[in-house]
Structure formats: structure tokens, C-alpha cells
Amino acid sequence: MRGTLVCFLFLLVCLSGNSQNYHKQDKTGLIKILRQKCYLKGGYNWERVGLASSDTTRWQNDEGWIEKLRGVKWTDKGQKRLVAIGWRGKDLGGKWDLSEFAQLQYFECSDNGIEELIIDKSKSLLTLDVSNNRLKYIN
């Protein structure tokens, strides 16, 4: 009986620890963007979209940071997928690759300092506004 209880508790802990509400590929793509430097004011992109440094220490193990992000929308059913990013005028910078976001439909990041943008694999993208950036390369 005791062995059964231990096995049950172990299984319960493992299942709850691996519960992922957000798709791993979308999280990876966001982390790559958010770790880059801001354009004008110094600091990092993650600061400009509502995250604190304590949120970045738990990127991989905790999804709480995702719920704090401002300007993103996710699907409602099943494992959540990123469908919209709206980060206009946040002084965001860097080289952005949207390839990770398989279901991204709306991307509005005008009035920032983005230098490069890769969208060639973004088959679901319907709306793109990157006006008033420092774009040197777009693919």
C-alpha cells in the first residue's frame, strides 16, 4: 500500500511539473526576442514589455512570465499558440526571427528600433506593420 501511494505521489508531481499551457516553440521565440537590447533607452526588450528581472530567471521552468507580457494574444483551446504581437512604440531593438511562431497572424511593432526581421516562414501572418524602425534587412 505504501509503495502504491509513493508511486502515485511521484506520478502526480511529474505530471504537474510538466504541464505546459504555452507551446514551447512560441516561448523559445519570445525569449530570443526579449533577451535582446532595447533601441534607445538601454536595457533589454523584456523590460519594455512589462517583465522584471526576476521573471527572466525562470524563463524555462515557469510560465508565469508569459501572463505578465503586455501586447500579446494567444489561442484559447489546447496548448496555447501565439497569434498576435502588438508592441508599438516600445523602443524595442535587435534582430527578430518570427519563424518560431507558426500561428502568428498579427504583428504590429511600428515605431521601434528593430534592425532585421525574418518572416519567410511565417505562413499564417496576415497583418504586418513594422513602419518607422531601423530595418536594414527583411526576409
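## Two sheets, a buried helix and a nonpolar core

Strands β1 and β2 run antiparallel and are joined by 3 bridges, where strands (E, at least two residues) and helices (H or I, at least four residues) are DSSP runs numbered from the N terminus, and two strands pair if DSSP finds at least two bridges between them. The model is predicted, so local features need pLDDT of at least 70 and side-chain atom pairs count only at pLDDT 80 or more, while totals for chains, interfaces and linings use all residues. Residues are numbered from 1 along each chain as its sequence is written, and side-chain values use heavy atoms, with hydrogens and water left out.

**The sheet of 4 strands**

Both β1 (72-74) and β2 (82-86) belong to an open sheet of 4 strands in the order β1-β2-β4-β6, with mixed pairing. The edge strands are β1 and β6 (127-129), each of which pairs on one side only, and neighbouring strands of this sheet are turned by 15° against each other on average, direction ignored, the axes being lines fitted to C-alpha atoms. Strand β2 also pairs with β4 (residues 106-108), in the parallel sense and over 3 bridges. Of the 5 residues of β2, 4 are buried, so this strand is largely enclosed by the rest of the structure; buried here means under 20% relative accessible area, with exposed over 50% and partly exposed in between (1.4 Å probe, protein chains only).

**The sheet of 3 strands**

A further open sheet, of 3 strands, has the order β3-β5-β7 with parallel pairing. Strands β3 and β7 (137-138) stand at its edges with a single partner strand each, so one side of each is left without a neighbour in the sheet. Strand β3 (93-97) runs parallel to β5 (residues 113-118) and is joined to it by 5 bridges. Opposite residues in the paired strands of the two sheets are listed below.

| Residue | Opposite residue |
|---|---|
| W74 | L82 in β2 |
| I85 | F107 in β4 |
| G86 | E108 in β4 |
| W96 | L117 in β5 |

**Helix α2 and the core**

In helix α2 (residues 24-34), the buried residues are D26, K27, G29, L30, I31, I33 and L34, and they pack against α3 (45-48), α5 (64-68), β1, β2 and β3. The largest nonpolar core (a set of buried Ala, Val, Leu, Ile, Met, Phe, Trp, Tyr and Cys residues joined through side-chain atoms within 4.5 Å) has 29 residues, and those with the most contacts inside it are L30, L34, W65, I85, W87, W96 and F107. At least two residues of this core come from each of α2, α5, β1, β2 and β5, and the largest share, 4 residues, is supplied by α2. Leaving aside neighbours within four places in sequence, W96 is in contact (heavy atoms within 4.5 Å) with I33, Q36, N45, W87, F107, C109, I114, E116, L117 and I118.

**A buried asparagine in a loop**

Residue N112 is placed in the loop between β4 and β5 and counts as buried at 5% relative accessibility. A polar atom of the N112 side chain lies 2.9 Å from the backbone nitrogen of K90, and the side chain of N112 also reaches the backbone nitrogen of D91, at 2.9 Å. Apart from neighbours within four places in sequence, the residues in contact with N112 are Y39, W87, R88, G89, K90, D91, L92, N132, N133 and R134.

Terms used. Axes are lines fitted to C-alpha atoms, for helices over the stretch in contact, and angles run from 0 to 180 degrees between N-to-C directions. A polar contact is a pair of N or O atoms within 3.5 Å; within protein, one must be able to donate a hydrogen and the other to accept it, and residues adjacent in sequence count only if both atoms are side-chain atoms.
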